[in-house]
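Here is a brisk report on one chain. Look at the sequence and the fold, then read on.

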Amino acid sequence: MTKKVFTGADIEAFLKSGKTAADLPKDAVLTPSARDVLRDGPGKVVAGKPAPASGGKADRFPPLPPGVPKVPPVPVVPSFEYSWVPGGDPVTPEEIQRFFYSPAIVEIKKQMVHVGHKMWGRNMVDGNGGNITVRVGDNLVLCTPTLRSKGELQTDDIALVDLEGVQKAGWRKRTSEVNTHLAIMKRQPLAKSCIHGHPPYSTAFAVAGIEPPTCLCSEAEIFTGPIKLIPYQTPGSPENATSVGEVAKDNPAVLLQNHGVMTWGSDVEDAYWKLENMETACQTIWVASQLNGGKLHSIPFEKMQDIFKIRRQLGMVDPREDWKECQLCDNTSFQPGAVCQVPGAQVSTSGGSLDPEAEKLVQQLTDQIIAALK
């Protein structure tokens with residue numbers, strides 16, 4: 001008896017007649033296309049090829065959702081940087097209000113709130129500490145309010161000030177430290193957003209009065225460059241604003257001694273990323289300093305030239321490009337660890353030996369202890 005051979009077309013007709021695979025003869029021979037039809041159903045595959053749909057086009061994929069282009073777009077890097085029309089700042093109180101509540105400005109407020117929540121979630125601020133600003137005009141800057149936790153920040157909390165710190169809009173009083181941000185913006189046009197925070201590891205370096213060593217963390221080297229230390233001034237004071245403004249205009253990530261840190265960028269996300277880069281670098285350097293006897297491996301001099309090239313491509317100038325090898329990655333001054341000191345004795349912190357008087361005192365104490373034990 002000859003076995004029945006079923007093709008794809010045979011199986012399509014078989015299924016359309018109301019029968020199922022269970023009705024096929026036990027000795028039926030199925031071609032590959034027949035198996036495809038049994039698997040996918042009639043009208044899907046014929047002779048191993050996609051069946052044409054109405055209009056002759058393939059019907060294997062669902063239609064595009066509304067608003068999606070028919071062809072893939074050219075890839076881009078998104079930017080949140082706000083660009084305003086020079087000379088176009090609102091002037092009258094009504095114009096300022098309309099500007100302050102316009103869709104574009106409300107969207108920036110939302111971004112500031114989002115970053116504030118991320119800062120709180122990453123333990124980069126405490127209590128009501130830290131503040132955020134975004135420049136939105138020739139003479140206008142959005143800023144977070146005073147005495148408001150960044151973890152509870154809302155869009156309606158954001159205030160609007162001019163470059164002298166005079167509040168122009170917003171029902172909550174602006175932060176007292178806004179003038180420090182404005183001092184940077186006045187000196188550096190690229191600083192369209194500034195962030196101040198108290199991340200633990202970066203602030204620890206600031207409290208210790210130590211600039212993090214360079215040529216160690218590639219991410220920080222690319223996006224922040226060298227992290228500079230600014231001597232302590234009273235927070236919110238004119239002296240603090242002047243001191244920070246002068247140093248930070250050329251350094252987008254700085255340490256404020258006994259206070260915290262400041263970063264700036266082209267937009268609020270960019271400034272926040274630099275904050276994360278700096279904090280992670282400080283944490284990594286501190287942990288690494290506890291390993292391998294404190295020996296840290298620097299990025300080779302020639303590889304640092306590659307980092308400078310990447311920075312140029314990102315539009316960031318690095319004054320260290322012309323430095324010699326001995327200058328660029330000289331971290332000999334970084335000596336982590338505690339220094340034990342006998343009260344009243346002088347101890348060298350430069351790697352030298354103890355003061356002779358201190359050694360004499362230690363020897364006397366040692367002799368007394370040994371004598372007592374005997």
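The text below covers the overall make-up, the sheet, the helices, the cores and one loop residue.

**Basis.** This is a predicted model, in which local features need pLDDT of at least 70, side-chain atom pairs count only at pLDDT 80 or more, and totals for chains, interfaces and linings use all residues. Residues are numbered from 1 along each chain as its sequence is written, and side-chain values use heavy atoms, with hydrogens and water left out.

**Overall make-up.** The chain has twelve helices and twelve strands. Helices (H or I, at least four residues) and strands (E, at least two) are DSSP runs, numbered from the N terminus. Of the 374 residues, 40% count as buried. Buried means under 20% relative accessible area, exposed means over 50%, and partly exposed lies in between (1.4 Å probe, protein chains only). Among contacts in the chain with a separation of 6 or more, 62% join residues 24 or more positions apart. Contact means heavy atoms within 4.5 Å.

**The sheet.** Eight strands form an open sheet with mixed pairing, in the order β8-β7-β6-β5-β9-β12-β11-β10. β8 (167-169) and β10 (228-230) stand at the edges; each has a single partner strand, so one side of each is left without a neighbour in the sheet. Neighbouring strands are turned by 25° against each other on average, direction ignored. Axes are lines fitted to C-alpha atoms, for helices over the stretch in contact, and angles run from 0 to 180 degrees between N-to-C directions. Two strands pair if DSSP finds at least two bridges between them.

Three pairings follow the sheet from β5 to β11.

| Strand pair | Sense | Bridges | Opposite residues |
|---|---|---|---|
| β5 and β9 | antiparallel | four bridges | V134 and S193 |
| β9 and β12 | antiparallel | five bridges | G197 and V261 |
| β11 and β12 | antiparallel | four bridges | L255 and V261 |

β11 (residues 253-256) and β12 (residues 260-265) also place V254 opposite M262. The two strands form a hairpin with three residues between them. N258 sits in the turn and has a positive phi of about 60°.

How many of the residues of β9 are buried? Five of the five are, so β9 is largely enclosed by the rest of the structure. S193, I195 and G197 point one way from β9, while C194 and H196 point the other way. In a regular strand, side chains alternate between the two faces of the sheet. β12 is mostly covered too, with six of its six residues buried.

**Helices on the sheet.** Helix α3 (residues 93-100) lies across β6 (141-143), β7 (159-161) and β8, running at about 70° to β8. Helix α5 (residues 178-187) lies across β5 (131-135), β6, β7, β9 (193-197) and β12, at about 35° to β5. Seven of the ten residues of α5 are buried, so this helix is largely enclosed by the rest of the structure. They are V178, T180, H181, L182, A183, I184 and M185. Their cover includes β5, β6, β7, β9, α8 (238-248) and β12.

**The N-terminal helix pair.** The axes of α1 (residues 8-16) and α2 (residues 32-40) come within 7 Å and cross at roughly 30°. α1 and α2 are therefore roughly parallel to each other (angles under 35 degrees count as roughly parallel, over 145 as roughly antiparallel, 65 to 115 as roughly perpendicular and the rest as oblique). G8, I11, E12 and L15 of α1 meet S33, A34, V37 and L38 of α2.

**The cores.** A nonpolar core is a set of buried Ala, Val, Leu, Ile, Met, Phe, Trp, Tyr and Cys residues joined through side-chain atoms within 4.5 Å. The largest has 41 residues; M119, V136, L142 and I195 touch the most other members. α3, α4 (103-121), β5, α6 (200-208), β11 and α9 (268-288) each supply at least two residues of this core. The largest share, eight residues, comes from α9. Another core, of 18 residues, lies apart from it, with A159, L182, C194 and V254 among them.

L142 touches residues including F100, I105, M112, I132, V136 and L160, not counting residues up to four places away in sequence.

**A loop residue.** N331 lies in the loop between α11 (325-328) and α12 (356-373). Is N331 buried or exposed? N331 is buried, with a relative accessible area of 18%. Leaving aside neighbours within four places in sequence, N331 is in contact with P213, T214, L216 and S298.
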